[in-house]
Amino acid sequence: MAKTFRILSIDGGGLRGIIPVLVLKELERRMGGKPIYQMFDLIAGTSTGGLIACAMTVSADGKNPMYTLDQIAAIYTQRGKEIFPKKNWLENTLNEVSSLKNPEFSVQGINKVLRDLLDHKRMMNCLCPLLVTSYDLYNNQAVFFKSRHAAINPMENAELYDVCRASSAAPTYLPAYDCFYNNKRRIFIDGGIFINNPSIAALVEASKYHSDPIYNKPDIKFSDICLLSIGTGHYSANISRKKVEKWGELDWAKPITDVMMQGVNQATSYEDKELLEDHQYLRIGLEIDDENHANMADSSQETMNYLMNETSNQILGNSVLMKQLDDFILKAGL
């Protein structure tokens, strides 16, 4: 099993990022406390998944991670209200008007949380190779922040703050991120618009570049790749056909982001299943059956409790799924 190339992929999904954090805590527990960064050869993330990937691998001394998964979970349970502050009824009314021309939330909260968390650390300060996604509107191109690139080109050794801010600028929720990266001006928006589940990009990276010095796995075949893909939940109810038929631009402005991300997730999962054998791939997700807790920017304690309880019930308490996780651990040689 020594030559196995192990990939962890974490979806985007705003404050629903608490779901993969809890799953990863269970994985660490089953591995006797072994940290996540030691289990995988590549960790990929989009939006909140990119934040998790950066936070659990960033190091101040090059030897130890700066944060535990409990500390990362606290970003969602304690600081989510800074990123997506709750509004009273008057603020909600005013926001409905304002959001027609402006993002729903300001950057002040997310800027502070990301800077507090990541300071000025860079891609090469991480203990495991990363791949984080974003989309550059200014140059009309998909952007993949990669440790492999950062290792050979100082201009691509981006600050993790910039990486996370670029990847998490979800349209309608947060402003786009205007910055310079690799000698170009960029206007970044959330990578979830084209690859909310980044596992397929990670598969491509591993299959073609596994022999690169940063990975140093020269002898693997595609059949040696093992992929653990963790979602952030999806709302199971369908949008009423009657409503959709009458919807215009304003009606679609907010739900189209969620619908698009969910569609991308499903397409990527299909591709993963077609490319990999059962023993190479495990997808873990959660079904959200209550519309009141489906908004990925809902920072209320009620929604956070719902997500944590459903993760416990649907995932951690699912004996069949946990058996599949144990089988994956064994087959991947974690």
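**Buried charge, core packing and cysteine geometry**

Arg 148 is buried, with a relative accessible area of 8%. In this predicted model, the side chain of Arg 148 is paired with Glu 205 in a salt bridge whose closest N and O atoms are 2.6 Å apart. Distant parts of the chain are thereby linked, with Arg 148 in helix H6 and Glu 205 in helix H9 (residues 199-209), 57 residues apart. Glu 205 likewise counts as buried, at 0% relative accessibility. Elsewhere, salt bridges that share partners join Glu 26, Arg 29, Arg 30 and Asp 326 into one network.

Over the whole structure, 19 salt bridges were found. One of them joins the side chains of Lys 25 and Asp 70, at an N to O distance of 2.6 Å. This pair connects helix H1, which holds Lys 25, to helix H3, which holds Asp 70, across 45 residues of the chain. Lys 25 is partly exposed at 32% relative accessibility, and Asp 70 is partly exposed at 48%. A further salt bridge is formed by Glu 159 and Arg 122, with 3.9 Å between the closest N and O atoms. Here the two residues lie 37 positions apart, Glu 159 in the loop between helix H6 (147-152) and helix H7 (160-167) and Arg 122 in the loop between helix H5 (108-118) and strand E3 (130-136). Glu 159 counts as buried, at 14% relative accessibility, whereas Arg 122 is partly exposed at 34%.

The largest nonpolar core comprises 80 residues, and those with the most contacts inside it are Leu 8, Leu 24, Leu 27, Ile 36, Met 56, Tyr 76 and Phe 145. Helix H1 makes the greatest contribution to this core, with 7 residues. Apart from this core lies another, of 17 residues, including Phe 5, Ile 200, Ala 202 and Leu 203. Within the largest core, Leu 24 illustrates the packing: residues up to four places away in sequence being left aside, Leu 24 touches Leu 8, Ile 10, Ile 36, Ile 52, Met 56, Leu 69 and Ile 230.

Helix H1 is also a packing partner of helix H13, whose buried residues pack against helix H1 (18-30), helix H3 (69-83), strand E9 (281-284), strand E10 (287-288) and helix H14 (319-332). The buried residues of helix H13 (residues 301-316) are Thr 303, Met 304, Tyr 306, Leu 307, Glu 310, Thr 311 and Ile 315.

A buried polar position is found in the loop between strand E2 (42-46) and helix H2 (48-55), where Ser 47 is located. Ser 47 counts as buried because its relative accessibility is 7%. With residues up to four places away in sequence excluded, the contacts of Ser 47 are Gly 12, Ser 167, Ser 168 and Asp 190.

A search of the whole structure yielded 0 disulfides. A disulfide requires a pair of cysteine sulfur atoms within 2.5 Å. The sulfur of Cys 164 lies 3.7 Å from the closest cysteine sulfur, that of Cys 54, and is therefore too far for a bond. For Cys 128, the closest cysteine sulfur belongs to Cys 126 and is 8.8 Å away, again too far for a bond. Cys 164 is buried at 2% relative accessibility, and Cys 128 is buried at 3%.

Methods: Residues are numbered from 1 along each chain as its sequence is written. This is a predicted model: local features need pLDDT of at least 70, side-chain atom pairs count only at pLDDT 80 or more; totals for chains, interfaces and linings use all residues. Side-chain values use heavy atoms; hydrogens and water are left out. Buried means under 20% relative accessible area, exposed over 50%, partly exposed in between (1.4 Å probe, protein chains only). Helices (H or I, at least four residues) and strands (E, at least two) are DSSP runs, numbered from the N terminus. Contact means heavy atoms within 4.5 Å. A nonpolar core is a set of buried Ala, Val, Leu, Ile, Met, Phe, Trp, Tyr and Cys residues joined through side-chain atoms within 4.5 Å. A salt bridge is a side-chain nitrogen of Lys or Arg within 4 Å of a carboxyl oxygen of Asp or Glu.
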